[in-house]
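User: Please take a close look at one part of this structure, namely the open sheet and the helices that pack on it. I would also like to know how the remaining local features are placed.

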Amino acid sequence: MKEGVGIECGDILKVYVIVENNTIKEITYKAQASQITKEFADFFINKLIGLNIEEIKNFPFEKYVKEKGIKMPAKKKKALLFKEAIFDALGLEDF
Amino acid sequence: MNIEKHIEEIRKDFPILNKRINDKKIVYFDNAASSQKPKQVVNKIKEIYENYYANVHRGLHYFSEKSTEEYDLAREEIASFFNIDKNHLIFTNNSTHGINLVAYAHGLNYLKEGDKIVVSLMEHNSNLLPWQWLAKSKKLKVEYLHFNKEGKIPEKEFDKLKNAKFLAIVHVSNVLGTKNPVEEMIKIVHEEEGKVLVDASQSVPHIKINIEKINPDFFVFTGHKMLGPTGIGGLYIKEDIMNPFFFGGDMVKDVSLGSYILQKPPLKYEAGTPNFVGAIALGEAIKYLKKLGIENIMSYEKKLNAYFLEYVDKINLNLVGGKDRENVFSFTVKGKHHSDIALYLNENNIFIRSGMHCAHVLHKYLDLNGSARASLYFYNTFEEIDYFFEVLRRIL
């Protein structure tokens, strides 16, 4: 199991990822975070199961957040905390 | 001026406070992060750019002369507010800039391996990270002043100040609202010739300050929390015990290949074109505070504080720290994340702050992952406090 964390000024999201044959089999999380962080974690988990690592790397997280109508910059960061955590778990660079 | 009596008149100077969003009034309780600006300050900035904007100090023309004159007057205005000589006031971008300047310009040159420096656990990151960095760079010993449940540093902690070569201490905590007894602490550190920096970011907008009486070696503040624009602040130095860190225009009298002659303070620490528009506007903000009277501000804010704390008692709100505090009220609500509290209040046009407030160590010491924070200023009202608690109660 791979672990990753996303941290944003008092919001902490830890994810636990099971990868088999380069494919995401299971993702769970523990959060000390705002509702929006948890809602987006649930949303993204449903989308990511079954994708391979390369697909995760190119997954349009920001597009989904925008489509959900999240405009406030601080809210966006909280919504995208899951991306930070899963990238951390999978050792992906986001720079 | 009796602020309570003239509050409606005062609030007219701050058009933003009367703004309506979705046809509902707004309540601005995020003053510890930044204050709003009166129209006198906004108009001053407009006046400069429309009437006499030009670079200061060396221009031999009317605009430059006028800008320089206004800039110099602003330094005098601000210095007199703190009862200091204007030549001891260095303009900075903000408190963070001032603290880092001292860490680099004093700390790197005057502190040596093995020296003890002291900071508290209630510091804002801006008054913690530069010292952590300096300690690592120069192999200094760091001791931390702990605080109790009331948010106070107990006197027994003051033993740590003995033999300290440097103390960096916040005047008023941006989370706990605690006002630290800095005069007493400074006396202890000075007994063995240590130096002290006071971070007064949260105190100068609200409390009458006489820097010479407090007697720090370094004292920093920021303009944007006291009605001024962003990007301008100040560093008071009692003595010239720094070596310049920034080099460039305006801070030298003469330059040759391989040598230079520095200006005297404050100019030797103000390399490059200064933020003179910001400084002049901060001078205008200080004029506004002087017109209201800082004692009158303190008196009115004391009443707001008592009124807020009455509600805290009534609903048993869990404050971070004790009740003997300035008008910074950080709190937690069981089962509610601080960001969700802030977002809910925002839906009702009440603007507060949530998170760590750049005080990660403080929150970790209290085993908290953050807090919600309401912070008041003299333009806030009792009615706004009523409304704040009316809305907050809905989610308790």
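Analyst: The account below begins with the sheet and then turns to its helices, the enclosed and open spaces, and some local backbone features. The model is predicted.

In chain B, 7 strands form an open sheet with mixed pairing, in the order S4-S10-S9-S8-S7-S5-S6. Its edges are strand S4 (89-92) and strand S6 (141-145) of chain B, each of which pairs on one side only. Direction ignored, neighbouring strands of this sheet are turned by 15° against each other on average.

At one end of the order, strand S5 (residues 116-120) of chain B pairs with S6(B) in the parallel sense, over 5 bridges. Within this pairing, Lys116(B) has Lys141(B) of S6(B) as its bridge partner. Elsewhere in the sheet, S8(B) and S9(B) also pair in the parallel sense, over 3 bridges, and Val198(B) finds its bridge partner in Phe219(B) of S9(B). The pairing of S9(B) with S10(B) is antiparallel and comprises 5 bridges; here Thr222(B) has Gly233(B) of S10(B) as its bridge partner.

S9(B) deserves separate attention. Of its 5 residues, 5 are buried, so S9(B) is largely enclosed by the rest of the structure. Phe218(B), Val220(B) and Thr222(B) point one way from the strand, while Phe219(B) and Phe221(B) point the other way, and all are buried. Two of these residues have already appeared as bridge partners: Phe219(B) with Val198(B), and Thr222(B) with Gly233(B).

The helices can now be placed against the sheet. Helix H4 (residues 95-110) of chain B packs on the sheet and touches S4, strand S7 (166-170), strand S8 (195-199), strand S9 (218-222) and strand S10 (233-237) of chain B. The direction of H4(B) makes about 155° with that of S9(B). Helix H6 (residues 182-191) of chain B lies across S6, S7 and S8 of chain B and runs at about 160° to S8(B).

Helix H5 (residues 129-138) of chain B has Pro130(B), Trp131(B), Leu134(B) and Ala135(B) as its buried residues. Seen down the axis of H5(B), these fall within an arc of 135°, so they line one face of the helix. The general geometry of an α-helix is relevant here: with 3.6 residues a turn, residues three or four places apart point the same way. The cover over the buried residues of H5(B) includes H4, S5, S6, S7 and S8 of chain B. Just after H5(B), Lys139(B) takes a positive phi of about 55°.

Two kinds of space are also described. The structure holds 1 cavity of 30 Å³ or more, and the largest cavity has about 30 Å³ of space. Its lining consists of Val172(B), Gln202(B), His206(B), Asn327(B), Val328(B) and Leu376(B). The largest pocket holds about 880 Å³ of space. Among the 38 residues that line this pocket, Asp30(B), Ala33(B), Arg353(B), Ser354(B) and Arg373(B) lie nearest its centre. Two or more lining residues come from each of helix H4 (73-79) of chain A and, in chain B, H4, helix H10 (338-347), strand S15 (350-351) and strand S16 (353-355). H4(B) thus appears both in the packing on the sheet and in the lining of the largest pocket.

H10(B), another contributor to that lining, has His338(B), Ser339(B), Ile341(B), Ala342(B), Leu343(B) and Leu345(B) buried. Asn349(B) follows H10(B) and has a positive phi, near 65°.

Apart from the sheet, Ile10(B) lies in helix H1 (residues 7-11) of chain B. With 3% relative accessibility, Ile10(B) counts as buried. Neighbours within four places in sequence aside, Ile10(B) is in contact with Met1(B), Ile3(B), Tyr288(B), Leu292(B) and Phe378(B). Ile10(B) and Phe378(B) are 368 residues apart along the chain, and their C-alpha atoms are separated by 9.2 Å.

Some backbone features in loops complete the account. Pro265(B) and Pro266(B) are joined by a cis peptide bond, with omega of about 5°; Pro266(B) lies in the loop between strand S12 (259-262) and helix H8 (276-292) of chain B. Cys9(A), although not a glycine, has a positive phi of about 40° and is placed in the loop between strand S1 (2-8) and strand S2 (11-20) of chain A. Its relative accessible area of 32% makes Cys9(A) partly exposed. Cys358(B), likewise a residue other than glycine, has a positive phi near 55°. Cys358(B) is found in the loop between S16 and helix H11 (360-365) of chain B, and counts as partly exposed at 36% relative accessibility.

Technical notes. Residues numbered from 1 in each chain as written. Chains lettered and ligands numbered in written order. Predicted model: local features only at pLDDT ≥ 70, side-chain atom pairs only at ≥ 80, totals over all residues. Heavy atoms only, no water. Pairing = 2+ DSSP bridges. Helix = DSSP H or I, 4+ residues; strand = E, 2+ residues; numbered from the N terminus. Axes fitted to C-alpha atoms, helices over the stretch in contact; angles between N-to-C directions. Contact = heavy atoms within 4.5 Å. Buried < 20%, exposed > 50% of the residue type's maximum accessible area, 1.4 Å probe, protein only. Arc of directions from axis to C-beta. 1 Å grid on protein atoms, 1.4 Å probe; cavity = no way out; pocket = protein on both sides within 12 Å on 5 of 7 lines; lining within 4 Å. Points joined across faces, edges and corners; volume = space filled by probe spheres on them.
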